[in-house]
Amino acid sequence: MRNKLILSAATLVAALAFPAAAQDAAAGKKAADMRCAMCHGSDGLAMAPDAPNLAGADPDYILMQLGAFRSGARNHHQMSLIAAGLSEQEMEDIAAWFGRMQLTVTIPPLD
Ligand code: HEC
């Protein structure tokens, strides 16, 4: 019984965090260029020193963080406002767009 409750609570959280909307990366690019690029870069590499890179981030992670800013679980004077102004569809689309970017990483040699 208890396990069942925990399971259904987890399902509910998952359903809220990851709504089953179709993602449209092209719409996400448009929205991200207008609303996110000034800090996170149109290539997902941050322009502002206090903003993280979003290029190549897992869309689920982006959605989780936007959800946390919206719910107040994570608080930031700019991002909390920005996340509050996004629809579920916009969040899905933007997450899909940044998630599709591919990064190349150069591991530095240790001397
Ligand atoms: C005015 C600058 C600014 C704009 C515009 C902005 N962000 Fe942010 N964003 C930040 C900063 C600063 C942080 C770091 C917040 C913190 O320190 O907790 C952040 C953090 C995030 C994170 C968490 C990333 C992580 O690695 O934890 C996500 C996801 C995010 N932003 C998405 C977006 C999206 C999507 C948009 C556009 C709809 C956007 N941001 C627009 C400044 C901005």
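## A predicted all-helical chain, read from helix 2

Helix 2 has Gly28, Ala31 and Ala32 among its residues, and these three are buried. Seen down the helix axis, the buried residues of helix 2 fall within an arc of 100 degrees, so they line one face of the helix. An α-helix has 3.6 residues a turn, so residues three or four places apart point the same way. On the other side of helix 2, Ala26, Asp33 and Met34 are exposed. The buried residues of helix 2 pack against helix 3 and helix 6. The model is predicted, and the description below starts from the chain as a whole before returning to these partners.

The secondary structure consists of six helices and zero strands. Along the sequence this gives the pattern α-α-α-α-α-α. Of the 111 residues in the chain, 19% are buried. Among contacts with a separation of 6 or more, 63% join residues 24 or more positions apart.

Where does the largest nonpolar core draw its residues from? This core has 13 residues, and those with the most contacts inside it are Ala32, Met91, Ile94, Ala95, Trp97 and Phe98. Helix 2 (25-35), helix 4 (59-71) and helix 6 (88-100) are the elements that give two or more residues to the core. Helix 6 provides the largest share, six residues.

Helix 6 itself has 13 residues and reaches 18 Å from its first C-alpha to its last, close to the 18 Å expected at 1.5 Å a residue. Its buried residues are Met91, Glu92, Asp93, Ile94, Ala95, Ala96, Trp97, Phe98 and Gly99. The cover over these buried residues includes helix 2 and helix 4. Two residues of helix 6, Ile94 and Ala95, can be followed to these two partners in turn.

Ile94 leads towards helix 2. Leaving aside neighbours within four places in sequence, Ile94 is in contact with Gly28, Ala31, Ala32 and Cys36. Of these, Gly28, Ala31 and Ala32 are the buried residues of helix 2 already named.

Ala95, also in helix 6, leads towards helix 4. Ala95 counts as buried because 26 C-beta neighbours lie inside 10 Å. Beyond the neighbours within four places in sequence, Ala95 is in contact with Pro59, Ile62 and Leu63. The C-alpha atoms of Ala95 and Ile62 are separated by 5.8 Å, although the two residues are 33 residues apart along the chain.

On the helix 4 side of this pairing is Ile62. Is Ile62 buried or partly exposed? Ile62 is partly exposed, because 19 other C-beta atoms lie within 10 Å, while the cut-off for a buried residue is 20 or more. With neighbours within four places set aside, the contacts of Ile62 are Leu54, Ala57, Ala95, Phe98 and Gly99. Ala95, Phe98 and Gly99 are buried residues of helix 6. Ile62 and Met91 are 29 residues apart along the chain, and their C-alpha atoms are separated by 8.3 Å.

The segment after helix 6 holds Leu103. Leu103 is exposed, with 11 other C-beta atoms within 10 Å. Outside its neighbours within four places in sequence, Leu103 is in contact with Ala55 and Gly56. The C-alpha atoms of Leu103 and Gly56 are separated by 6.2 Å, with their positions 47 residues apart along the chain.

Helix 3 is the other element against which the buried residues of helix 2 pack. Ala37 lies in helix 3, which spans residues 37-40. Ala37 is partly exposed, with 16 other C-beta atoms within 10 Å. Apart from neighbours within four places in sequence, Ala37 is in contact with Ala32 and Ser42. Ala32 is one of the buried residues of helix 2 and one of those with the most contacts inside the largest nonpolar core. Ala37 and Met47, ten residues apart in sequence, are 7.9 Å apart in space from C-alpha to C-alpha.

The last feature is the ligand. Around it are 20 residues, and the closest are Cys36, Cys39, Ala51, Pro52 and Gln65. Cys36 is also one of the contacts of Ile94. Helix 2, helix 3, helix 4 and helix 5 (79-84) each supply at least two residues of the shell around the ligand. By residue class, the shell divides into 14 nonpolar, four polar and two charged residues.

Definitions and conventions:
Residues are numbered from 1 along each chain as its sequence is written. This is a predicted model: local features need pLDDT of at least 70, side-chain atom pairs count only at pLDDT 80 or more; totals for chains, interfaces and linings use all residues. Helices (H or I, at least four residues) and strands (E, at least two) are DSSP runs, numbered from the N terminus. A residue is buried if 20 or more other C-beta atoms lie within 10 Å of its own, exposed if 12 or fewer, and partly exposed in between; C-beta atoms are placed from the backbone. Two residues are in contact if their C-beta atoms, placed from the backbone, lie within 7 Å. A nonpolar core is a set of buried Ala, Val, Leu, Ile, Met, Phe, Trp, Tyr and Cys residues joined through C-beta atoms within 7 Å. A residue is near a molecule or strand if its C-beta atom, placed from the backbone, lies within 6 Å of it. Ala, Val, Leu, Ile, Met, Phe, Trp, Tyr, Cys and Pro count as nonpolar, Asp, Glu, Lys and Arg as charged, and the others, Gly among them, as polar. The expected span of a helix is 1.5 Å times one less than its number of residues. The arc is that of the directions from the helix axis to the C-beta atoms.
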